[in-house]
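Let's walk through this model together, beginning where protein and DNA come together and then stepping back to one of the chains.

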2 protein chains.
Amino acid sequence: MRAPQSQFESTSQAAALPVRRSGNGRKASADSPDTRFDRQLAKVLQHAARIFCDKGFEGASMRDLSRAAGMSLAGLYHYFSSKEELLYLIQKHTFETIIASARTRLEKSADPEERIRIFIENHLEYSLANKEAMKVLTHEDDTLKNDQGAEVRAIKRDYYRICLDLLEDLRKVKGLQFSSRLAVLSLFGMINWIYTWHNPRVDPDAAELARGMGDLFLGGVVSNGKTKRKTSAPGPK
Amino acid sequence: MRAPQSQFESTSQAAALPVRRSGNGRKASADSPDTRFDRQLAKVLQHAARIFCDKGFEGASMRDLSRAAGMSLAGLYHYFSSKEELLYLIQKHTFETIIASARTRLEKSADPEERIRIFIENHLEYSLANKEAMKVLTHEDDTLKNDQGAEVRAIKRDYYRICLDLLEDLRKVKGLQFSSRLAVLSLFGMINWIYTWHNPRVDPDAAELARGMGDLFLGGVVSNGKTKRKTSAPGPK
DNA sequence: ATAAAGTCCGAACGAACGTTCGGTAACTAG
DNA sequence: CTAGTTACCGAACGTTCGTTCGGACTTTAT
């Protein structure tokens, strides 16, 4: 929930974006990561995530947003160049944060099964602590087009790949047989669906949820992987 | 006053909607379940589902829809009274169809585990055969407000309840211990997430997908339900 | 002090939105 | 045939949309 560094480059499209850099060469002090610009942008991004979460990207108007952020319509455009870029900034920041967190936590264990549990718990903890941003991630999954969409999709693929590797480690070490793709997408289904139903007043917190879903998923993968022959039942072709 | 509406009736709000019934009073010929009106409405609904699926409910314009349906903007309003009602008709019809199909198929078995597999397979088969409508169901989950929203939400609760009952049957018969709510929501996560990734050219068909997810889910539920302890029994592999 | 840069706003732009209205063909009933 | 209903459309309504522009106040640099 901290401010994003203002390294907001599109990476693509080198044009036209009003982008400020925080620590540009001027100042003597090496780096000031939080400029006024950065702090205000972070605040706007947070309000925007809430509005996009509530009304959807297309359903939310810039006027809704200006009301929520307590800033004039025109004033908003000081911080980004279009509504689309706003969505891009939210999605990119959210993905990068959760990936960084996962990578850090995964360093602490070498056991394949425990690493999968760590991955799940990290995802659930971040999801429940940042519900709005996570809903915007999944709900506006294919809203962004062109370069910005491709970039976010690439980051998402990284995240997917982390989980896939964890599962293939497990499979090798335990000598199991199952489709990693099907398993990882089932797991993502479980943990990404939570935003549609989780109610903090009735449902468990992230840690217990992670334990329950970890049990369910790992129990399923392990118990089936052991006895399974892949081309089993003749079935309909 | 004006006309439309047929077997897709709106049980809530008795006012203001243009209502028309299909087989009203007169026709002698045995069954005309399909009047011209009904057939045209069904066609429009199908086009609308595709457009809503592609661009989202808010992102889709009535002009997009009129182009897709090959009908003028004004002509569309002969069949429904607002864009919102259009979404309502799609969602209601989809839910009712999948529920009816599930109920019919479930009659054919009394074994709790097999019944869960039937439920999963029914859901996946319908989902893959009606991708657009299913995406509109889940993606525009909280778009509808007021009476129409409440009605769709009630139908959805029925569907959830069917699955919950199946799981509690399993738990009783097998003497397992697990949270039915967590289990059913995890299962829904798996099977509803499919629309975000399934590619018919690479991924298995509904039957094999249902087998795989049934194995995963039932394996997890059963193996964990038996030993209320943490996972990974110390037993040697 | 003066200049430059950064921050923010009121007002307006043209385009697109959902919906309505008056009318016109086509079909159906008697 | 005529009368009436059904199916549909062109054109427009009023509103809201994302975005822009010129200017003004505030902070920073010299």
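A good place to start is α1(A), which contributes three residues to the surface near DNA strand C, the most of any element. Bear in mind as you look around that this is a predicted model.

The surroundings of DNA strand C comprise 20 residues, and the nearest of them are A:Ser72, A:Ala74, A:Tyr79, B:Met62 and B:Tyr77. By residue class, this surface consists of nine nonpolar, six polar and five charged residues. Turning to the DNA side, sugar or phosphate accounts for 56% of the strand C atoms within 4 Å of the protein, while bases make up the rest.

Now zoom in on the phosphates. From chain A, the side chain of A:Arg36 places an N or O atom 3.2 Å from a phosphate oxygen of DNA strand C. Chain B takes part as well: a side-chain N or O atom of B:Lys83 is 2.9 Å from a phosphate oxygen of this strand. For B:Met62, one of the nearest residues, a backbone N or O atom lies 2.7 Å from a phosphate oxygen of DNA strand C. The elements giving two or more residues to this surface are α1 (36-55) and α3 (73-76) in chain A, along with α2 (62-69) and α3 (73-76) in chain B.

Finally, step back to chain A as a whole. Its elements are nine helices and zero strands. Of its 237 residues, 49% are buried. Among chain A contacts with a separation of 6 or more, 69% link residues 24 or more positions apart. The chain exposes about 12,200 Å², with carbon and sulfur atoms supplying 50% of that area.

Methods:
Residues numbered from 1 in each chain as written. Chains lettered and ligands numbered in written order. Predicted model: local features only at pLDDT ≥ 70, side-chain atom pairs only at ≥ 80, totals over all residues. Heavy atoms only, no water. Near = heavy atom within 4 Å. Polar contact = N/O pair within 3.5 Å; in protein donor to acceptor, adjacent residues only side chain to side chain. Helix = DSSP H or I, 4+ residues; strand = E, 2+ residues; numbered from the N terminus. Nonpolar A, V, L, I, M, F, W, Y, C, P; charged D, E, K, R; others polar. Buried < 20%, exposed > 50% of the residue type's maximum accessible area, 1.4 Å probe, protein only. Contact = heavy atoms within 4.5 Å. Areas by Shrake-Rupley, 256 points an atom, 1.4 Å probe, with all protein chains shown as cover.
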